[in-house]
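Hi there,

Here is the structure I promised to pass on, with the sequence alongside. My notes follow below it, so please have both open as you read.

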Amino acid sequence: MADTFNYRIDHHGSLVRPAALLTARERAARDGDTGPLREAERAAVTEAVAFQRKLRSTVVTDGDFPREDFRGAVLDGVSGFRRTGEVTGGLAGWVAESLPKADGPLLADWAALLGELTLIAPKATLPSPAYLAATCFDPSLAGSGGPASARELGEALAEIVQAEIRLLVARGVRLVQLTNPLLLAHTATEPGDVGALSFEDALAVEALALPPGERPEGVRIGVSPGFAAPASVDRARAERLYAGVPADRWVLPFDQGTAAELDLLRALPEDRDACLGAVDATVPEIEEIDAVMVRVDAAAEVKDLEDMALCPSRGFEDVAGRPLLSAEEQSRKLIQVETLARYCWGNEF
C-alpha cells in the first residue's frame, strides 16, 4: 500500500473540547436555542484544524466537537433510538425502539468544512454498527416494534454506515475510522463482556459496513477494535477478526509493551496497514522516546515499517466534558507522536 505514508501521524478523532464550546452546549440544553451552539461548534472546529496543522498531523478531524460523545456521529443522525437516562462508563444509555433510518448525512457536511479549511487529508470517525448494536439492543423491545435481534439492528446500521462512508469519500475524506471498543475482547483467550452480539455476528455486521471493491487512490478505511489489548490473545480468534472484517487499516493498542499487543500485530495479514497506538492518551507523563522505539523496533520485526503509522492509544475526550487529559497535556502527547514518527520515517510525510 504505497501511499500509507500520507497518514503516518494519526489520532483517533476526539480532542479536548474548549471551555467556550462546553458552555454553549450547556446553554443550548437549558434554553433550547441551538443557533449559538452551531456557531460555537464551527468556530471550535476551525480552531481545531489550525491546531492540528500546527502540530503537523497528517490527518485532520473535527475533534468530535459537534457531538456529545463519539457515538453521536450516528445516534444524532438516525431515527429509531431513545435515550434511557442511564449512564455507564460516562456514556449515556440508548436503546433501539425500531430499525434505524438516516435523516440525512451524518458527518459529510462537517467533512466538507474540513476540506475548505485545509489541504491536509480529512479524517472521519464513526462508531461501528456492531458496537452500537451490541450496546443498544434491548430484547424486551423485540415484541413491540424494536429490532428482532442485535444482528438485525447491526445490519440496518451497517447499511447506513456504508452509505455514509461512500458519501464521505465522495466529499474528499481520505481516511475513515470505525470505532468498536468491544472487538478486542473477542480475541482474548478468555473473552470478557462483548455485549449482545456474538463474535460471528459482530464480524458479519462490521464487514457489511465496508464498501466492497477497490478504494479510490489514497483512501483508507480503518477499524479501531479496542483501546487496550487483552491479557492474552488467542491467535486463531485474532486472525478470524482480521479475515472477517476487510478493513485496510487496523488501529491497535501498542502503548504498554505487552506480549499481547505484539501478538495482535503478529496476527495481522501482510496486506493490511497497522496504526500503532504507541502513546498513552490516559496519563500526562510523556513517554521516553527510546522506550517507545524499542517497541516499534519489535513491531518492525513482524510487520513492514512501511505499512505502519503512529497515533495515541485512544481519543482524548470521547465524551464531551470528560477529558482524559488537559489541552496542554494533549498537545504534548500529539507532539510526541509527531516526533516519534520522524524517528521512524524521517521527513517522508
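**D280 and its surroundings**

The side chains of D280 and Q256 are joined by a polar contact of 3.3 Å. (A polar contact is a pair of N or O atoms within 3.5 Å; within protein, one must be able to donate a hydrogen and the other to accept it, and residues adjacent in sequence count only if both atoms are side-chain atoms.) Before going further, please note that this is a predicted model, where local features need pLDDT of at least 70 and side-chain atom pairs count only at pLDDT 80 or more, while totals for chains, interfaces and linings use all residues. Residues are numbered from 1 along each chain as its sequence is written, and side-chain values use heavy atoms, with hydrogens and water left out.

Back to D280: a polar contact of 2.6 Å also joins its side chain to that of T282. D280 lies in the loop between strand 7 and helix 10. (Helices, H or I with at least four residues, and strands, E with at least two, are DSSP runs numbered from the N terminus.) Which side chain of opposite charge is nearest to D280? K333 is, at 5.9 Å, and D280 is buried yet has no salt bridge. Three terms need their cut-offs here. Buried means under 20% relative accessible area, exposed over 50%, and partly exposed in between, with a 1.4 Å probe and protein chains only. A salt bridge is a side-chain nitrogen of Lys or Arg within 4 Å of a carboxyl oxygen of Asp or Glu. For charge, Lys and Arg count as positive and Asp and Glu as negative; His and the chain ends are not counted.

Leaving aside neighbours within four places in sequence, D280 is in contact (heavy atoms within 4.5 Å) with D255, Q256, E287, S313 and K333.

**Helices 10 and 11**

K333 is also one of the buried residues of helix 11, among them Q330, L334, L340, C344 and W345. The cover over these buried residues includes helix 2, strand 7 (273-279), helix 10 (289-300) and strand 8 (308-312). Helix 11 (residues 327-345) has 19 residues, so at 1.5 Å a residue it should span 27 Å, and its end C-alpha atoms are indeed 27 Å apart. (The expected span is 1.5 Å times one less than the number of residues.) Just after helix 11, G346 takes a positive phi of about 65 degrees.

Helix 10 holds V292, which counts as buried at 0% relative accessibility. Not counting residues up to four places away in sequence, V292 touches A278, E287 and L340. D297 is found in helix 10 too, but is partly exposed, with a relative accessible area of 46%. From D297 to C344 it is 47 residues in sequence and 9.2 Å in space, C-alpha to C-alpha.

Helix 6 (residues 150-170) passes the span check as well: its 21 residues should cover 30 Å at 1.5 Å a residue, and its end C-alpha atoms are 30 Å apart. G172 follows helix 6 and has a positive phi, near 105 degrees.

**Salt bridges**

The structure holds 24 salt bridges. Here are some of them:

- E68 and R83 form one, with the closest N and O atoms 2.7 Å apart. This pair links distant parts of the chain, with E68 in the loop between helix 2 and helix 3 and R83 in strand 1 (residues 78-88), 15 residues apart.
- D69 and R71 meet at 2.9 Å, N to O. D69 is buried at 6% relative accessible area, and R71 is buried at 5%.
- D31 and R30 meet at 3.0 Å, N to O; D31 and R30 are exposed.
- D10, K123 and R249 are linked in a network of salt bridges.

**Aromatic pairs**

Rings of Phe, Tyr and Trp (its six-membered ring) pair if their centres lie within 6.5 Å; planes under 30 degrees apart count as stacked, over 60 as edge-to-face and the rest as tilted. How many aromatic pairs does this rule give? The count comes to two. F70 and Y131 form a tilted pair, 5.7 Å centre to centre with 35 degrees between the planes. F70 is in the loop between helix 2 (35-54) and helix 3 (72-75), while Y131 is in helix 5 (residues 129-136), 61 residues apart, so to speak. F70 and Y131 are buried. The ring centres of Y242 and W250 are 5.0 Å apart and their planes are at 70 degrees, so this pair is edge-to-face. Y242 is buried, and so is W250.

Best wishes
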